[in-house]
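Q: I am new to this structure and should like to learn how to read it. Could you guide me through its features in turn?

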Amino acid sequence: MMTDLSLKVTQFVNAAPERVFDAWLNPDMIRKFMLTGPGTGVASASTDPRVGGRYDIVMTNEMGEIPHWGEYREISRPSKLVFTWNSPHAAPDSLVTLTFDAKDGGTQVTLVHETFPSEGSRDGHEKGWTGILATLADTL
């Protein structure tokens, strides 16, 4: 059953908005920062960075490989990126919106993820996105 549950995570990154935005579309960078915490990794990442293009990311953890995929809905460099998010733990075509705002010589990243099948799914994704954004800040 789908719900109207959503989450919002913010992170300051000490890099220009263009650089932070571009990291989300670059498979080499995705492999470096799309880590939800210790013991996690990215086995593969591919992107077709155009509206209607698809991305595929295979994340890994102690339980094995977890496929993630979706479609880019909006690409407005360097301020906004919108894509669908699919995985075994997400609602079909849940929506992720990233905004990148110049602030204090860096970038304030805001991630909003909409639609989850349960509170547990939302809470797990909130923990995961928090880890990913922290790793992004450390990587850039």
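A: Let us begin with a definition on which the rest depends: two strands are said to pair if DSSP finds at least two bridges between them. Helices and strands are themselves DSSP runs, numbered from the N terminus. Please keep in mind that this is a predicted model. As a case of bridging, Thr-84 stands opposite Leu-95 in S6.

Q: Which strand does S6 meet through six bridges, and in which sense do the two run?

A: Six bridges join S6 to S5, and the two strands run antiparallel. Strand S5 covers residues 80-85 and strand S6 covers residues 94-103.

Q: How many helices and strands does the protein have, and in what pattern do they follow along the sequence?

A: There are three helices and seven strands. Read along the sequence, the pattern is β-α-α-β-β-β-β-β-β-α.

Q: In what order do the strands lie in the sheet?

A: The order in a sheet need not be guessed from the numbering; one reads it from the pairing. Here the seven strands form an open sheet in the order S1-S7-S6-S5-S4-S3-S2, with antiparallel pairing. Strand S1 (6-13) and strand S2 (41-47) stand at the edges; each has a single partner strand, so one side of each is left without a neighbour in the sheet. From one strand to the next, the twist averages 20°.

Q: How should I picture the side chains along a strand?

A: In a regular strand the side chains alternate between the two faces of the sheet. For the pairing itself, one may follow the strands two by two. Strand S3 (residues 54-61) and strand S4 (residues 64-76) pair in the antiparallel sense over eight bridges. Within this pair, Val-58 stands opposite Pro-67 in S4, and the bridge partner of Arg-54 is Glu-71, also in S4.

Q: How many residues lie between the two strands in the hairpin of S3 and S4, and how many in the hairpin that joins S4 to S5?

A: The hairpin of S3 and S4 has two residues between its strands, while S4 is joined to S5 through three residues. S4 and S5 pair in the antiparallel sense over four bridges. In S5, Phe-83 is the bridge partner of Tyr-72.

Q: What is found in the turn between S6 and S7?

A: These strands form a hairpin with two residues between them, and Asp-104 in the turn has a positive phi of about 50°. S6 and S7 pair in the antiparallel sense over nine bridges. Among the facing residues, Phe-100 stands opposite Val-109 in S7.

Q: Which strands does helix H3 touch?

A: Helix H3 (residues 119-139) packs on the sheet and touches S1, S3, S5, S6 and S7 (106-114). Its direction makes about 10° with that of S1.

Q: How does one look for empty space in a structure?

A: Rolling a probe the size of a water molecule over the atoms shows where empty space is left. In this structure, the largest pocket has a volume of about 600 Å³. The pocket is lined by 25 residues, of which Thr-36, Asn-61, His-89, Gly-124 and Gly-128 lie nearest its centre. S3, S4 and H3 are the elements that give two or more residues to this lining. H3 gives the most, with eight residues. By kind, the lining of the largest pocket divides into nine nonpolar, 14 polar and two charged residues.

Q: How many cavities of 30 Å³ or more does the structure hold, and which residues line the largest cavity?

A: There is one cavity of 30 Å³ or more. The largest cavity has a volume of about 60 Å³. Its lining consists of Trp-24, Ile-30, Met-34, Tyr-55, Ile-57, Tyr-72, Leu-81, Phe-83 and Trp-85. S5 supplies the largest share of this lining, three residues. The lining of the largest cavity divides into nine nonpolar, no polar and no charged residues. Tyr-72 and Phe-83, already met as bridge partners, are thus both among the residues that line the largest cavity.

Q: What does the radius of gyration say about the overall form?

A: With 140 residues, a compact globule would have a radius of gyration near 14 Å; the protein has 14 Å, which agrees. Taken along the principal axes, the C-alpha atoms fill a box of roughly 40 × 30 × 25 Å.

Terms used:
Residues numbered from 1 in each chain as written. Predicted model: local features only at pLDDT ≥ 70, side-chain atom pairs only at ≥ 80, totals over all residues. Heavy atoms only, no water. Axes fitted to C-alpha atoms, helices over the stretch in contact; angles between N-to-C directions. Contact = heavy atoms within 4.5 Å. 1 Å grid on protein atoms, 1.4 Å probe; cavity = no way out; pocket = protein on both sides within 12 Å on 5 of 7 lines; lining within 4 Å. Points joined across faces, edges and corners; volume = space filled by probe spheres on them. Nonpolar A, V, L, I, M, F, W, Y, C, P; charged D, E, K, R; others polar. Rg over C-alpha atoms; globule rule 2.2 N^0.38 Å.
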